[in-house]
Amino acid sequence: MNSTIDTVVLDLDGTLVDSVYVHTLCWHAAFRDVGVHAASHHIHRAIGMGSDRLVAHVAGDAVERAMGDEVRRRHARHLDQHFGEITATPGAAAMLEALHDRGLRLVLASSGERDQAQPMLDLVEGAQHLLADTVSGSDAEHSKPAGDLVTQALQAVGAAPECAVLIGDAVWDARAGADAGVACIGVLTGGITEAELREAGCTEVYDTPAQLVARLATSPLLGGAGR
């Protein structure tokens with residue numbers, strides 16, 4: 001299978017940048033601002049799905065109808081205030097370089113809006129020059145866990161689902177990949193367990209992007225890809 005892979009679709013939050021717990025903090029503060037208590041552990045497990053889905057998923061449809069847009073605005077405001085706490089995940093830049101050096105096309109598929117995704121991507125050294133294209137939440141009709149964003153990423157670089165791999169950190173990434181017909185590799189940098197990622201559809205799971213680089217030659221999906 002790995003000899004057919006020519007494209008890697010990459011998630012951003014939790015995969016290339018260590019932002020999941022900052023997002024959790026900011027969503028918690030946003031809910032608190034509007035008088036809604038949302039448990040942090042529930043918010044954490046929702047990070048990675050589209051923000052248009054998250055409010056209802058965490059707090060219910062009534063909260064979404066009454067104040068969903070306001071919660072999202074407040075989350076963005078808190079995120080701006082805490083942006084300095086976000087860094088690249090261990091080995092993120094090295095992973096992009098290693099995959100690119102194998103001749104693989106790299107395309108970013110972030111659930112976040114483009115104005116949020118771009119500054120975070122800048123935290124990963126060299127990422128802008130290694131990516132063939134980027135798509136964001138605003139480019140897809142339906143957000144993760146729907147596969148629209150992944151499909152849009154593939155179309156952006158002219159790739160076929162059977163010739164692509166998705167790398168992500170959340171069950172929502174794995175489900176989006178499955179919905180788009182793309183195999184998924186998981187990393188644990190978003191705080192979701194290996195068992196959960198595998199149950200959601202990840203074929204391989206690594207602790208960090210750095211560990212994926214170290215084991216790239218033996219990866220069943222990517223070991224011979226691009227060569």
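Select S111 to begin: apart from residues up to four places away in sequence, S111 touches G48, M49, G50, G137, K144 and L149, where contact means heavy atoms within 4.5 Å. The coordinates belong to a predicted model, in which local features need pLDDT of at least 70 and side-chain atom pairs count only at pLDDT 80 or more, while totals for chains, interfaces and linings use all residues. Residues are numbered from 1 along each chain as its sequence is written, and side-chain values use heavy atoms, with hydrogens and water left out.

**Around S111**

With S111 still selected, show the secondary structure, and S111 appears in the loop between β2 and α6 (114–121); helices (H or I, at least four residues) and strands (E, at least two) are DSSP runs, numbered from the N terminus. At 13% relative accessibility S111 counts as buried, on a scale where buried means under 20% relative accessible area, exposed over 50% and partly exposed in between (1.4 Å probe, protein chains only). Add G48 next, and look for its backbone oxygen, which lies 3.3 Å from a polar atom of the S111 side chain.

**From S111 to the salt bridges**

Now turn to the charged side chains. Side chains of opposite charge can pair when their charged atoms come close. A search of the whole structure finds 10 salt bridges, each being a side-chain nitrogen of Lys or Arg within 4 Å of a carboxyl oxygen of Asp or Glu.

Select D6 and R105, which form a salt bridge with their closest N and O atoms 3.1 Å apart. Since D6 lies in the segment before β1 (7–10) and R105 in strand β2 (residues 105–109), the pair ties together parts that are 99 residues apart in sequence. D6 is partly exposed, with a relative accessible area of 29%, and R105 is also partly exposed, at 28% relative accessibility.

Move on to E70 and R74, whose salt bridge has its closest N and O atoms 2.7 Å apart. Both residues belong to helix α4 (residues 61–82), where, being 4 residues apart, they are separated by about one helical turn. E70 is partly exposed, with a relative accessible area of 23%, and the value for R74, likewise partly exposed, is 23%. Extend the selection to D33 and R73, and the four residues D33, E70, R73 and R74 can be viewed together as a linked network of salt bridges.

The next stop is helix α10 (residues 194–200), which holds both E194 and R198, 4 residues apart, or about one turn of the helix. Their salt bridge brings the closest N and O atoms to 2.9 Å. E194 counts as partly exposed at 35% relative accessibility, and R198 is partly exposed as well, with a relative accessible area of 38%.

**The whole chain**

Finally, clear the selection and display the entire protein chain, whose secondary structure comes to 11 helices and 6 strands. Its radius of gyration is 17 Å, close to the 17 Å that the globule rule gives for 227 residues, so the chain is as compact as a globular protein of that length; the radius is taken over C-alpha atoms, and the rule is 2.2 Å times the number of residues to the power 0.38. Along its principal axes the C-alpha trace spans about 55 × 30 × 30 Å.

Colour the chain by accessibility to see its burial: of the 227 residues, 52% count as buried. Among contacts with a separation of 6 or more, residues 24 or more positions apart account for 68%.

How values were computed
Polar contact = N/O pair within 3.5 Å; in protein donor to acceptor, adjacent residues only side chain to side chain.
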